[in-house]
Structures are given as structure tokens and as C-alpha cells.
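The exercises below concern the architecture of a multi-chain model. Each task is followed by a solution in steps.

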Amino acid sequence: MDLDTLTGCLASSACLVTQTTSGFIIGMLLFLVAVGLTLIFGVLKVVNFSHGAFYMFGAYFAMTAYQLSGSFALAMLCGAAGTALLGLVFERVFMSRVYGADVLMQLLVCYAFVLIFDDVVRMIWGPEFKSMGMPSAFQVAPLFIAGGVVPPYYLLLIGVALSAAVILGLGLARTKVGKVIRAAAHNPGMVSALGINTGLIYGGVFALGGMLAGLAGALAAPVRSLTPGMGFSVLIESFIVTVIGGMGSILGALIGAILIGMIRSFGSLGFPLFTEGLMYLFMVIVLVSRPTGLFGKEVA
Amino acid sequence: MTELQAERAAMVPRSQARPQRWRYLDVSIALAAFLVLAMLPMFIGSKALLDFVIRCSAFGLFATSLNLLVGFTGMVSFGHGMFFGLGAYSFGLIMQRTGVPVPVAFVATLVITTIVAAVIGAICVRLKEIYFAFVTLAFQMLIHSTILSWVSLTGGDQGLRGGIPRPAFFGIDLTNHVHLYITSCALLVTGLLLMRQIAQSPFGYTLRMIRDNANRASFVGIDVWRAKLTIFVLAALFASTGGVIMALFVSGAYPEFAYWTISGEGIFINMLGGVTTFLGPMVGTVLLLILNDTVTRMTEYYGIVLGIVILFFAIGLRKGLMDFAVEWYAQRRSGPAERG
Amino acid sequence: MLEIRGLSKAFGGVKATDNVTLDFAEGSLTAVIGPNGAGKSTFFNLITGALAPDSGQILLNGVDLAGKSPPEIVRHGIGRAFQVASIFPSLTVHETLLAAVCADQRRASVLHRRFPLAETRDRAEHTMELLGLSGKRDRTAATLSHGDQKLLDIALALVLDPKVLLLDEPTAGMGTEERWRMIDKVKELWETQKITVVFIEHDMDIVFKIAPEIVVLCYGRILATGKPDAIRRNEAVIEAYLGTEHHAGAAI
């Protein structure tokens with residue numbers, strides 16, 4: 001434990017800015033993964049245990065696209081679009097077969113794909129750590145805000161993630177497709193009775209979730225190292241985020257992700273050995289006091 | 001009622017007229033099995049085979065204890081492997097640091113497991129299906145990351161190295177391979193017998209009621225939360241014993257013992273062998289270890305092969321091998337007409 | 001015997017049970033009726049502990065059970081059967097009842113003995129005979145017919161030796177003939193077992209023919225209580241209930 005460092009940081013505006021920014025980075029990436037997880041759960045009542053793989057593929061797709069084309073924008077696009085397609089195929093071909101089956105079966109199918117996807121990445125890109133490198137457009141002097149160091153790329157990352165959150169929130173609330181998705185989450189039988197293709201919606205939701213996680217992976221690629229299995233720890237953290245925020249709630253995922261980001265960022269100063277533990281501790285406190293999460297609906 | 005429940009329901013014909021007699025039968029089968037296993041080294045000198053049986057003992061205890069949760073109580077834990085790792089590390093650390101006799105360290109390991117399982121269980125067992133699965137998984141990751149980061153105690157990602165001292169006790173010398181082998185078999189057979197007793201006790205039927213319909217069970221006067229917590233702790237004890245065997249076998253403990261894939265494999269072993277029979281997980285363990293050994297010899301991409309096998313069972317067959325055996329047997333007994 | 005004092009429960013702003021005060025005499029047979037959404041099931045859920053009341057008392061022989069958990073309330077002697085037969089699909093009829101007796105004898109967590117315990121056998125046997133399920137003892141509950149599942153549900157409540165038996169629509173989902181058979185069974189159990197029975201029923205013919213006492217619930221309140229004749233002539237009941245539902249029922 002190193003409480004002096006933590007209190008020292010809280011007293012200094014420079015450190016505060018640096019840690020808050022890094023907390024936001026962690027939180028925003030987690031949000032993009034968690035929101036897909038929570039959306040898929042909300043509509044399909046399935047926890048996509050292989051969701052971390054989308055994050056991983058997003059990062060690898062982006063890296064390869066960047067290496068081939070040198071375009072950062074194209075890299076992001078490839079990361080997001082590639083995983084969207086992957087999500088669609090995964091749902092239509094495999095997950096759609098285990099809806100309504102035992103939780104055991106759903107977990108097993110996802111477990112199988114975690115194993116398969118990790119090995120596929122190992123086959124294509126190799127088992128060693130990879131790095132995409134910071135695009136040249138962002139290799140500029142960092143900003144100094146109140147004495148704290150903020151790389152410009154971080155601002156872009158936060159901006160993109162926040163825009164995604166806003167677009168998603170508005171899209172679900174305002175558009176026709178959004179209403180159908182919310183209706184499907186509420187009452188799938190009704191939606192299919194109205195002549196709407198539920199298969200299309202389910203596939204679409206998986207593609208959307210995959211796309212968001214892929215985008216998170218692509219955004220993370222310049223600042224994190226890439227390795228097979230990188231998706232799993234992100235999955236666990238995103239799951240913790242959704243548990244804290246409440247399964248099925250987008251706002252909950254956002255708040256939960258930022259909370260976890262801050263806990264990780266500041267916790268690493270005060271409790272370097274127990275940073276992960278803090279996260280779990282926080283989850284346990286939320287679960288015990290509010291079993292459905294901060295923004296979860298009471299399950300009848 | 002889910003599909004799986006319906007299938008289970010259609011399959012279980014056993015009615016037991018004289019319960020005590022069944023217990024003697026179980027004990028006799030266990031004794032016979034133990035004698036056969038114990039005499040094996042006299043006829044077959046292959047060290048590899050004995051190693052295989054020791055690993056089967058470790059994973060068999062773990063998988064069968066998981067079936068107490070999954071198959072008998074309907075609690076799909078995805079973090080059961082944490083107790084396997086906990087057992088291995090606790091035992092290894094106690095032996096390395098204190099030098100107490102092996103049985104004392106074993107009992108101390110069980111005590112530690114009880115405490116940890118009771119705390120984690122108290123938080124988890126109230127949660128609904130999928131939440132339960134994932135929160136147990138989260139706790140597994142917590143234990144795993146604690147092992148990785150608490151380097152001064154656990155050796156971090158290097159694991160507990162330098163070997164676990166195994167002083168002889170009651171004339172049993174665990175550094176002797178055959179002694180280790182027979183001890184593992186004894187632990188396996190005793191563990192299975194105890195779990196069989198749990199499954200066939202009145203408490204075992206309480207668990208079945210909870211699995212089938214927890215709400216109704218509470219209206220029969222059963223304290224569902226307490227029963228679930230009890231079986232969670234009991235199952236953890238057997239998983240921990242599996243971990244102890246593993247620690248003795250490799251004379252160490254590694255973070256992989258506490259990694260989530262152990263839980264995943266446990267779940268798959270149950271699926272592979274079948275959750276409707278008591279020995280299903282044992283059959284699954286043997287099959288998975290054979291598969292594991294064969295595949296790792298042939299390719300480095302073990303995950304892909306295992307993944308495809310899992311998909312074949314989960315999406316293709318939808319039940320375990322022992323389930324098929326039971327069904328076939330029931331069909332033969334009742335004749336095909338009745339089941340049509 | 002069973003006295004309900006000022007029992008209330010609200011969901012959001014809706015009062016599902018609103019200040020209900022009722023007495024069920026020892027050995028009485030009472031039908032609870034009321035239009036859909038009258039709060040009948042909520043009323044049962046409150047008494048059996050499935051829901052915690054906002055206020056009020058549930059006195060069984062003077063002991064207040066309000067707010068206690070379902071297992072506690074069952075052990076005090078209030079048994080319950082459900083509208084949709086609530087059973088254990090993979091257990092046989094015999095095993096179901098044996099396991100229930102185990103729970104009643106506080107032996108549900110016994111680890112060192114084998115199931116079934118000898119001392120549970122007579123009670124299970126007796127209950128199977130009462131409900132006419134002896135012939136199906138080794139059938140798993142999932143394979144029973146709908147009617148037999150309902151009987152097993154009742155048997156499951158009865159085998160615990162309750163002082164009060166609450167039956168939530170024992171005839172739900174049955175054809176006319178089967179309904180009468182079921183309700184005759186209920187009456188027979190009431191007569192032979194000398195227990196207090198409260199049942200919810202939709203079929204007015206059955207209610208007026210069978211039940212010596214009737215309670216009418218409407219929007220969570222008690223509209224009327226009394227003998228069938230009095231209920232039939234009660235203006236408020238005719239207005240609120242018979243006026244709508246009986247005609248609808250008659251039309252079908």
C-alpha cells in the first residue's frame with residue numbers, strides 16, 4: 001500500500017489531470033466493450049462470453065490495415081467493420097442455435113470460441129507481443145493542462161468514444177430501428193408477431209456490439225500492446241462494468257466504465273499490488289447493496 | 001422448464017427401495033476400484049500411465065465436485081477452478097513455509113478453502129444463473145491476479161518453485177512415485193465415495209429440488225440460500241483436494257492452476273461426460289485428458305481443436321456421453337414403444 | 001385460527017392489497033373470488049411470504065407471520081399450491097413427497113444417511129393414497145398429465161401437514177369434467193383432513209355450490225364476505241363483479 005503517493009497526487013493538480021485522463025482512457029475503452037455486452041444481454045438475454053475476442057480482432061485488424069495502408073482512419077474503419085461482420089456471422093451461425101438452451105450450453109459455445117479465436121490470432125499474427133505504433137499525425141507535443149500531461153491522441157480517443165455513446169443513446173431512443181431493438185429487448189414474441197424479422201435484429205445487435213468492441217480495440221491498438229488473449233481481461237473488466245452499471249443499461253455502462261477507469265488509474269497509485277482487487281471489491285459492494293446494479297431494472 | 005431439465009426428467013427412472021443396501025454397494029465398488037488401481041503398478045511398470053491416473057485423480061475430483069453444483073443443484077459456476085488453484089497454492093505454501101506434516105497441511109488447506117469459499121459463496125449464491133456464472137468467474141480472476149501480483153508470497157508468474165517438501169508420514173513417502181500414486185488413488189476414491197454419499201443423502205435430494213424448482217423448494221420449507229451455500233463450500237473442498245493432488249504431483253503450484261481455463265475445462269468435462277450421472281464427470285475427465293495429451297503432441301494449436309470438439313458436443317450432440325448411455329439403457333429396459 | 005389484520009401492499013402507486021382484515025375459522029372452507037387483477041394472488045403471496053406486506057399482521061393462532069420468509073411460514077403450518085402446478089420435474093412422485101417430508105422434519109440437510117429415510121415413508125405413502133397418486137409413484141413429475149401435476153402440487157403442500165392450506169386456482173386449465181373431479185377432491189380432503197382450506201376459484205358454479213364461505217376481493221379491497229346466498233344477493237358484488245364477468249362467462 002502506498003497511500004502517500006495517492007494523497008500526494010490528489011494534492012497536485014498536474015498529477016490529478018494526468019491520472020484522470022488515463023482513467024478516462026481506460027473507462028472509455030471499457031465502455032465501448034461493455035455497452036455491446038450489455039446491449040446483447042438486453043436484447044438476447046445472453047452474456048456473450050466471447051465478446052473480448054471482438055476487441056482483440058479490432059486491434060489486430062486495425063494494426064494490419066495501418067501497416068498496409070498507412071492510413072489511421074482506414075485502420076479504425078477496418079477494425080470496426082471487420083468485427084461487425086464477425087459478430088454477424090458468429091451470431092447467425094453459432095449463437096442463434098443456443099438461444100433458450102441451458103446457460104451451460106451458451107457458456108460452452110462462447111468458451112469454445114474464446115479458445116478458437118485466440119488460436120486463430122496466434123496462427124495469423126504470431127504469439128508474440130505486437131505494437132501498432134502511434135500514427136504520425138499524433139506524434140506531436142503533448143498538451144499541458146494545469147501542469148498535467150495529456151497526449152492529443154487521448155483526447156481523440158475520448159472524443160470518439162463519447163460520440164459513439166451519444167450516437168448510440170440517441171439512435172436507440174429516437175430512430176425506428178432503435179425502437180424496434182428496445183421492443184425486442186422487452187418482448188421478443190411481440191416483435192416477431194408484428195412481422196419483424198427477429199433474426200435480423202439479433203444479428204444486427206451482435207454486429208453492432210461487435211463493431212463497438214472492435215472500435216475499442218482499434219482505438220487501443222496505438223497505445224496498448226497486442227497479444228492473443230488480450231480480449232479476456234477486457235471482457236472480465238467489461239463484465240464488472242455491466243454488473244456495476246446494471247445489465248441492459250447503456251447509461252449504467254458509461255458510469256460504471258468511468259468509475260472502473262478511475263479506480264484503476266488512482267488505485268494503481270495508492271494500492272499498486274491490489275489495483276485489480278479494488279475493482280472486484282467495488283463490484284462486491286455494489287452487488288451486495290444493489291444486486292441489479294446502479295442503473296439496473298428490478299427483475300421480477 | 002428448459003430443454004435440459006426436460007431431458008433429465010425423462011431419464012431418471014431409479015427408485016430406491018432399500019437405501020442402506022445401496023450404500024454398501026457403493027462402498028464395495030469403491031473398494032474394488034481402489035484395489036484394482038492400487039495393484040496396477042505391480043503389473044504395468046509404465047510411469048506415464050501412473051502419471052495419467054494421478055492427473056485423472058486431481059481433475060476427476062475437481063470435475064465431479066463441479067457436477068455437485070452444475071448437475072445436482074443447477075448452479076453453473078464458471079469460477080470453480082479458483083478452489084483448485086487455492087488448494088494447490090495453500091498446500092504448497094504451508095509445506096514450504098512451515099514444514100508441518102503432510103496431513104496437517106492438508107487439513108489446514110481444507111480449513112482455508114472453507115473460509116474463502118464461505119465468503120465468496122455468501123456473495124454469489126443469491127445471484128441468478130448467468131450472474132452467478134460470471135461473478136464466480138470474476139472471483140476466479142481476482143484470485144488469479146492476486147497470485148500474479150503478490151510475488152513475495154506466491155512467486156508471481158513463475159509459480160511456487162523450488163519443490164514442495166514432502167516428509168514421510170505413517171510410512172507413506174510421497175517422494176516415492178508409487179506411494180504418491182496410491183495416495184492419489186485413495187484420495188480420489190474416498191472423495192468420490194463422499195460425494196456419492198452427499199448426492200444420495202436427503203441433502204442431495206434437497207439439492208435436486210432446488211435445481212428443479214428453487215421457488216417451490218422454499219415453499220416446502222427449505223432454506224434455499226443456506227443449502228446452496230453449503231454445497232458451494234462442500235464442492236470447493238473437493239476441488240481443493242484435487243488441487244492438493246496436483247501440487248504434490250508437480251511438486252509446485254503455477255498460476256495456470258487458478259486460471260479461468262481450468263473452470264472452462266471443468267464445465268466442458270461435465271458436458272462431455274454428462275451431468276445426469278454421478279460418474280459422468282469422471283468419464284469426461286479421462287476423455288479430456290486423453291484428448292489433451294493426443295492433441296498437444298500433434299499441434300500447438302490446442303485451442304482450436306478443443307474448441308471444435310466443444311462445439312460438436314454443445315451444438316451437435318447437446319448432451320454428454322454418459323447421458324447417451326443412460327438413455328440407451330432406459331430405452332432397452334422399457335422398450336421402444338413407451339418412449340415414442 | 002388465521003386472522004389477517006389491516007394487510008396492505010402497494011406496487012408503485014397501485015394498491016394490490018388494501019387494508020384487508022379477515023378471519024378464517026378453524027376447519028373452514030373459504031373461496032376467494034374477484035375479477036382479474038382483484039389482488040387474489042397477491043393476497044396469497046403475502047400470506048405465504050412470497051411478498052413482504054407494507055403493513056398489517058398475519059396471525060396464525062396468535063403468532064404474527066407478516067414479513068417472514070416462505071420456509072418459515074411453511075414451518076408454521078401454512079401450505080400452498082400454485083395456479084400453475086409448481087413441481088420438481090425430474091423427481092418421481094414418491095421422491096417428491098419423501099423429500100418434502102424430509103424438509104418438514106428438518107432433515108433436508110442430513111448428509112450422513114441415505115435417501116429416503118425410513119421415517120418419511122408412511123407420510124408420503126399416506127398422502128399419495130389421499131390424492132390417488134399411488135399408481136403413479138415411480139413416474140417422474142414431468143411425465144404426469146396436467147391434472148396429476150396439479151394433484152401432486154397439492155400433495156406437496158398436504159404432505160407437510162399444514163394447519164391452513166391455500167390453493168391458488170386448483171382447477172385452472174382444466175376441462176369441465178376434470179374441474180368437478182378436482183373440486184370434489186378438494187372438498188373431500190377438507191372433510192377428511194379437518195384442515196382450514198382457502199381457495200381461489202374463477203368458476204362461479206363451483207364456488208356457489210362448494211364453498212360454505214366466500215370472500216370477494218376487488219381492487220385489493222374486501223367487497224363482501226359471507227355465505228353463498230348472501231353474496232349472491234349482495235348489491236355491491238353484483239355491481240362490481242357479476243355484472244361484468246359472470247355475463248362474459250355465461251356467454252362462453
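**Exercise 1. Determine which percentage of the residues in chain B is buried, and describe the overall form of this chain.**

Step 1. Buried residues, defined as those with 20 or more other C-beta atoms within 10 Å of their own (12 or fewer is exposed, in between is partly exposed; C-beta atoms are placed from the backbone), amount to 52% of the 340 residues in chain B. This is a predicted model, in which local features need pLDDT of at least 70 and side-chain atom pairs count only at pLDDT 80 or more, while totals for chains, interfaces and linings use all residues. Residues are numbered from 1 along each chain as its sequence is written, and chains are lettered from A and ligands numbered from 1 in the order in which they are written.

Step 2. Chain B has 15 helices and 0 strands; helices (H or I, at least four residues) and strands (E, at least two) are DSSP runs, numbered from the N terminus.

Step 3. The radius of gyration is taken over C-alpha atoms, and the globule rule is 2.2 Å times the number of residues to the power 0.38. For 340 residues a compact globule would have a value near 20 Å, and chain B agrees, with 20 Å. Along the principal axes, the C-alpha atoms of chain B fill a box of roughly 60 × 50 × 45 Å.

Step 4. Two residues are in contact if their C-beta atoms, placed from the backbone, lie within 7 Å. Among the contacts in chain B with a separation of 6 or more, 79% are between residues 24 or more positions apart.

**Exercise 2. Establish which chains share the most contacts, and characterise the pairs of chains in contact.**

Step 1. There are 2 pairs of chains in contact, and chains B and C share the most contacts. Chain A and chain C are joined by no contact; their closest C-alpha atoms lie 12 Å apart.

Step 2. Between chains B and C, 34 residues of chain B and 36 residues of chain C take part. On the side of chain B that touches chain C, helices H1 (3–11), H2 (19–43), H8 (177–200), H9 (202–219) and H10 (224–250) of chain B each supply at least two residues. H9(B) gives the most, with 13 residues. By class, this side of chain B has 16 nonpolar, 12 polar and 6 charged residues, where Ala, Val, Leu, Ile, Met, Phe, Trp, Tyr, Cys and Pro count as nonpolar, Asp, Glu, Lys and Arg as charged, and the others, Gly among them, as polar.

Step 3. Between chains A and B, 32 residues of chain A are in contact with 32 residues of chain B. On the side of chain A that touches chain B, H5 (103–125), H10 and H12 (275–289) of chain A each supply at least two residues. The largest share, 14 residues, comes from H5(A). This side of chain A divides into 26 nonpolar, 1 polar and 5 charged residues.

**Exercise 3. Describe the span and burial of helix H10 of chain A.**

Step 1. H10(A) covers residues 230–245, 16 in number, and reaches 23 Å from first C-alpha to last. This is close to the 22 Å expected at 1.5 Å a residue, the expected span being 1.5 Å times one less than the number of residues.

Step 2. Of the 16 residues of H10(A), 15 are buried. Just after the helix, A:Gly246 takes a positive phi of about 105°.

**Exercise 4. Give the strand order of the open sheet in chain C and identify the strands at its edges.**

Step 1. The order of the 6 strands is S6-S7-S8-S3-S9-S10 (chain C), with mixed pairing; two strands pair if DSSP finds at least two bridges between them.

Step 2. S6 (78–81) and S10 (221–226) of chain C are at the edges, each with a single partner strand, so one side of each has no neighbour in the sheet.

Step 3. S9 (residues 213–218) and S10 of chain C pair in the antiparallel sense over 5 bridges. Within this pair, C:Leu217 has C:Ile222 in S10(C) as its bridge partner.

**Exercise 5. Describe the hairpin formed by strands S1 and S2 of chain C.**

Step 1. S1 (residues 2–11) and S2 (residues 14–24) of chain C pair in the antiparallel sense over 7 bridges. The bridge partner of C:Leu2 is C:Phe24 in S2(C).

Step 2. The hairpin has 2 residues between the strands, and C:Gly12 takes a positive phi near 60°.
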